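Trainee: Could you walk me through this model and its ligand site?

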Amino acid sequence: MQFETKAIQSTQLKDNTAGSVASPLYLSTTFERSADGSHPHGYVYSRAENPNRELLESAMAVLENGEKALAFSSGMAAVNALFQAFKPGDHILIPEDAYYTLILLTEEVFSQWGLEYNTIDMSDLGNVKAAIRPNTKMIWVETPSNPQLRIVDIEAVTKIAHQNNAICVVDNTWATPVLQNPLNLGADISMHATTKYIGGHSDVLSGVLVFKKEEELFAKIKLIQKLAGAVPSPFDCWLLTRGIKTLALRVREQTKSAQKIAEFLDNQPNVEKVYYPGLASHANHEVAKKQMADFGAMLSFNLKGTEQEALAFTGKVKLFTAATSLGGVESLIEHRKSIEGPNSISPPNLIRISVGLENADDLIEDLRNGLNQD
Ligand SMILES: *Cc1c(COP(=O)(O)O)cnc(C)c1O
């Protein structure tokens, strides 16, 4: 079956009561037990398992070609559960331009309980090899990265990880399973902030880990999910499985528009630099071409000018909402450094765009007007 068919088939929950076509929503926190103590339907309590969550998890496993998946109440809750599976004294490698909150979680929380880490520019494989230590247990990859759209060779980094008995985890939020499948390239876990493209409508917060194999690490994190309980609500899961049904259509259309917008910006005298892996001038365009079906709907650019001028530009466009986050049907624009904070390595004049489902020509006209204003 092709992706579009799998996306519909895998997100359908059978309703034996009424035969409803749309999936039923199971809000119940608890499930009936038989007199012999068994649970005839296999459900006990919603922190442990819920039909809507199971549907989301199995659908994400199907779309990423994994054996199992686990859903959490946010992308960061998914990361947190994964990090909790490591021991004090373990070492992990993360990209220097990883999603900013992930770096903060590592620094502010996990370094205090003894998890060691280095942040490196992972687009250069030499840096990865040089940073490996005997106690390195995981290499975290984010590609395309946020907000500089650096591209990391997933297959090559996975090889380095496995040669050193470490796992490779890829944050696949930006590419989505439509454009990139890290598990097919050898990675052990594909992580999604499903808050973004999977939900697709900026109205649900959640995260998913998809595991290539149903092995020890899966069991460990499933236990953390069940005991700690950072799970998405049944309605969150219902919205997400609905989002998956239109994922391929949305992402392909948004990507087409992003390519057009990137090419437009690349030719503007007021734009210093465009970050988009679909441009032949991108430093790792060839790696992106090799591992992605297309280049995604996120892009950044440096405005010629000061930090203040870049921040002001986000108010000059009318069709883009100035807000953080991404992956929704509406286009968003953001001055990245000011949202990330004082230790951000984002260039001060960098502006990030999440391309939505508006007409690309309208978006380009809006950007043109913004760029031509004083
Ligand atoms: C948003 C995002 C996250 C975190 O997800 P939340 O649902 O906000 O916790 C992680 N990684 C990337 C690349 C993201 O865009």
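**The ligand site**

Mentor: Happily, and we can start with a contact: a polar backbone atom of Gly 75 sits 2.8 Å from an oxygen atom of the ligand. That is a polar contact, a pair of N or O atoms within 3.5 Å. This is a predicted model, where local features need pLDDT of at least 70 and side-chain atom pairs count only at pLDDT 80 or more, while totals for chains, interfaces and linings use all residues. Residues are numbered from 1 along each chain as its sequence is written, and side-chain values use heavy atoms, leaving out hydrogens and water.

Trainee: How far is a nitrogen atom of the ligand from an N or O atom in the side chain of Asp 171?

Mentor: Look at the side chain of Asp 171, where an N or O atom faces a nitrogen atom of the ligand. The distance between them is 2.7 Å.

Trainee: Which residue has a polar side-chain atom 2.7 Å from an oxygen atom of the ligand?

Mentor: Here the partner on the ligand is an oxygen atom, and the protein atom is a polar one in a side chain. The residue is Lys 196.

Trainee: Is Cys 168 buried or exposed?

Mentor: Buried means under 20% relative accessible area and exposed means over 50%, with partly exposed in between (1.4 Å probe, protein chains only). Cys 168 has 0%, so the answer is buried.

Trainee: What is the relative accessibility of Cys 237?

Mentor: Cys 237 also counts as buried. Its value is 0%.

Definitions and conventions: Polar contact = N/O pair within 3.5 Å; in protein donor to acceptor, adjacent residues only side chain to side chain.
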